[in-house]
Amino acid sequence: MLKNKAVTLIGYSGHAFMVADAAMSSQMGLKFYTEQTEMIFNPYNLKYLGFESSKQYDFTTIDCDYILGIGDNSLRSQVGRLILSSKNQLLNVIHPKSDISSHVTLGNGIFISKNANVNTLANIGDFCILNTGCIIEHECKIGSSSHIAPGAVLLGNVEIGNNTLIGANAVVKQGVKIGANVIVGAGTVVLTDVPDNTKIVGNPARVI
């Protein structure tokens with residue numbers, strides 16, 4: 001049994017390294033990680049606990065807190081819901097160099113990266129990623145398991161559905177509603193509403 005609620009990172013490559021760096025910068029007590037196999041490259045010197053679906057590791061019996069290091073929206077949602085269905089807490093990781101209004105509503109298992117801006121009355125759903133330098137303006141609503149990529153800008157009162165990706169440096173006009181399971185390409189300028197299950201690119205955005 002782990003003591004003093006040490007923190008375990010789910011996943012340990014790519015995106016997870018950014019989460020680990022932010023967690024350590026925030027002094028969260030990150031000590032452990034899970035992955036399908038033990039990693040040779042271990043830049044944060046974490047202890048390996050095994051694969052989360054294997055017999056050697058069980059979310060319901062290990063007494064620690066968890067943070068999500070999974071970049072894939074669907075898998076991140078699946079694992080996040082599994083953790084929340086147990087008795088364990090799922091923490092948010094907020095980089096100390098991000099800028100978050102005190103009047104923001106945050107769900108569970110969120111990652112907010114360095115230099116991200118989240119302004120007043122925004123509502124961020126469970127398991128979201130707000131990546132490096134993105135801007136979430138006032139009263140935006142972001143559904144669960146969505147990813148706002150580096151440098152993307154959501155102007156005021158934008159609504160984003162579940163499991164949606166807003167690509168790097170994309171811009172979404174104020175008041176626009178983007179549905180669930182949408183992919184917005186890098187650099188896209190979104191001026192009108194976007195339905196569910198759509199891929200869009202360009203300036204102005206067009207469906208592909």
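Why is β2 largely enclosed by the rest of the structure? Here are my notes, with the answer in point 2.

1. Ground rules. This is a predicted model, where local features need pLDDT of at least 70, side-chain atom pairs count only at pLDDT 80 or more, and totals for chains, interfaces and linings use all residues. Residues are numbered from 1 along each chain as its sequence is written, and side-chain values use heavy atoms, with hydrogens and water left out.

2. Strand β2. Four of the five residues of β2 are buried, so the strand is largely enclosed by the rest of the structure. Buried here means under 20% relative accessible area, with exposed over 50% and partly exposed in between (1.4 Å probe, protein chains only). Helices (H or I, at least four residues) and strands (E, at least two) are DSSP runs, numbered from the N terminus. β2 covers residues 30-34 and runs parallel to β1, joined by four bridges. Two strands count as paired if DSSP finds at least two bridges between them. Two bridges also join β2 to β3 (residues 47-48), again parallel, and Phe32 stands opposite Lys47 there.

3. Strand β1 and its partners. Look at residues 7-10: Val7 and Leu9 on one side of β1, and Thr8 and Ile10 on the other, are all buried, which leaves both faces covered. Besides β2, β1 pairs in parallel with β4 (residues 65-68) through four bridges. Thr8 is a handy residue to click on, as it stands opposite Tyr66 in β4 and opposite Phe32 in β2. From β1 the chain crosses through helix α1 (residues 15-25) to β2, and this β-α-β crossover is right-handed (with the strands pointing away from the viewer, the path from the first strand over the helix to the second runs clockwise). Next along that bridge register, Leu9 has Tyr33 as its partner in β2. β4 is covered on both faces too: Asp65 and Ile67 are buried on one side, Tyr66 and Leu68 on the other.

4. Helix α1. Its buried residues are His15, Ala16, Phe17, Val19, Ala20, Ala22 and Ala23. They pack against β1, β2, β4, β5 (93-94), β8 (111-112) and β11 (129-130). After the helix comes Gln27, with a positive phi near 55 degrees.

5. The six-stranded sheet. Elsewhere there is an open sheet with parallel pairing, in the order β6-β9-β12-β15-β18-β21. Its edge strands, β6 (99-100) and β21 (189-190), each pair on one side only. Within the sheet, β12 (residues 135-136) and β15 (residues 153-154) pair in parallel over two bridges, and Ile136 has Leu154 as its bridge partner in β15. As background, strands of a sheet pair through backbone hydrogen bonds, either parallel or antiparallel.

6. Nonpolar cores. A core is a set of buried Ala, Val, Leu, Ile, Met, Phe, Trp, Tyr and Cys residues joined through side-chain atoms within 4.5 Å. The largest one has 28 residues, and Ile124, Ile136, Leu154, Ile166 and Ile178 touch the most other members. A second, separate core of 18 residues includes Phe17, Ala23, Tyr48 and Leu91. Back at Ile166, its contacts (heavy atoms within 4.5 Å), leaving aside neighbours within four places in sequence, include His147, Ile148, Leu154, Ile178 and Val184.

7. Cysteines. With a disulfide taken as a pair of cysteine sulfur atoms within 2.5 Å, the count comes to zero. Cys128 is in no disulfide, and the nearest cysteine sulfur, in Cys134, is 10 Å away. Cys128 is also buried, at 1% relative accessible area. For Cys140, the closest cysteine sulfur is again that of Cys134, at 10 Å, too far for a bond. Cys140 is buried as well, at 0%.

8. Ser144. You'll find this one in the loop between β13 (141-142) and β14 (147-148). Buried or exposed, then, for Ser144? Ser144 is buried, with a relative accessible area of 12%. Beyond neighbours within four places in sequence, Ser144 is in contact with Arg81, Gly125, Asp126, Cys128, Asn162 and Asn163.
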